[in-house]
Amino acid sequence: MPKLNKRLLGAAGALVAAVSLAVTGVTAASAGSTGVSGTEFFQLMTTSATSTTISVIAHGVFTDYGVDHTGNTVDTIVLQKGSFKVAHSPGTGPEKFNPKTCLGQVNQRGTIRIFHGTGKYRGIHGHGRYHLSLLFIAARVSGKCSQAKEPVAFQQIITASAPVRLP
């Protein structure tokens with residue numbers, strides 16, 4: 001199996017991190033406590049193999065939307081009410097590429113850590129998991145699949161969830 005384009009895998013890793021931010025949950029407020037905690041869910045989606053930002057929707061303890069600024073190991077999620085960082089592990093899982101159809105598939109899972117919040121998310125912290133699903137069709141050059149060129153079709157979806165706490 002040919003190696004997947006490093007740019008695609010980098011985008012996939014970043015997306016994974018972003019998706020890992022997906023959160024849903026129930027607030028847990030006890031007497032005398034002002035913080036809330038629960039599970040937050042994130043969904044990240046892009047159709048670009050080269051963009052450094054990815055659309056993200058978060059729901060659970062809070063509901064918000066914005067973009068994920070991707071990084072190799074740490075992403076910055078910027079939502080309407082604040083931002084936070086998400087550190088993500090390298091994904092593990094199967095990668096397939098069909099040299100006849102030029103179809104590539106990546107299905108990976110990993111872990112995330114949420115920290116360094118600003119705005120309404122100041123003090124946020126949590127750990128969770130993400131799942132990255134990537135499907136692409138490589139461009140053809142002289143009738144053969146080229147992983148050096150940008151794919152002609154690209155879809156990446158990252159979902160994530162993490163128990164989080166906000167002070």
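Is S83 buried or exposed? In this predicted model, S83 has a relative accessible area of 13% and is therefore buried, the limit for that class being under 20%. The residue belongs to strand β6, which spans residues 82-88. Its side chain is engaged in a polar contact with the side chain of T118, at 2.7 Å. When neighbours within four places in sequence are set aside, the contacts of S83 comprise I77, V78, H116, G117, T118 and Y121. T118 thus appears both as the polar partner of the S83 side chain and in the contact list of S83.

The largest nonpolar core of the model contains 30 residues. Within this core, the residues with the most contacts are F42, F62, L79, F84, I114 and I124. At least two core residues are supplied by each of the strands β2 (36-46), β3 (53-59), β5 (74-79), β6 (82-88), β8 (103-115), β9 (125-137) and β12 (153-166). Of these, β12 provides the largest share, with six residues.

The surroundings of L79 illustrate the packing around one of these highly connected residues. Not counting residues up to four places away in sequence, L79 touches V56, A58, F62, D64, Y65, G66, F84 and Y121. Two of these partners, F62 and F84, are themselves among the core residues with the most contacts. Y121 is in contact with L79 and also with S83.

G35 is located in the loop that connects β1 (22-23) to β2. With a relative accessibility of 2%, G35 is classed as buried. Its C-alpha atom lies 10.0 Å from that of I124, although 89 residues separate the two along the chain. I124 is one of the residues with the most contacts inside the largest nonpolar core.

One disulfide is present in the structure. It is formed by C102 and C145, whose sulfur atoms are 2.0 Å apart. Because C102 is situated in the loop between β7 (95-98) and β8, while C145 is part of strand β11 (residues 144-146), the pair ties together parts that are 43 residues apart in sequence. The torsion about the S-S bond is about -95 degrees, and the disulfide is therefore left-handed. The two cysteines fall into separate accessibility classes: C102 is buried, at 0% relative accessibility, whereas C145 is partly exposed, with a relative accessible area of 22%.

Methods:
Residues numbered from 1 in each chain as written. Predicted model: local features only at pLDDT ≥ 70, side-chain atom pairs only at ≥ 80, totals over all residues. Heavy atoms only, no water. Core = buried A, V, L, I, M, F, W, Y, C linked by side-chain atoms within 4.5 Å. Buried < 20%, exposed > 50% of the residue type's maximum accessible area, 1.4 Å probe, protein only. Helix = DSSP H or I, 4+ residues; strand = E, 2+ residues; numbered from the N terminus. Contact = heavy atoms within 4.5 Å. Polar contact = N/O pair within 3.5 Å; in protein donor to acceptor, adjacent residues only side chain to side chain. Disulfide = S-S within 2.5 Å.
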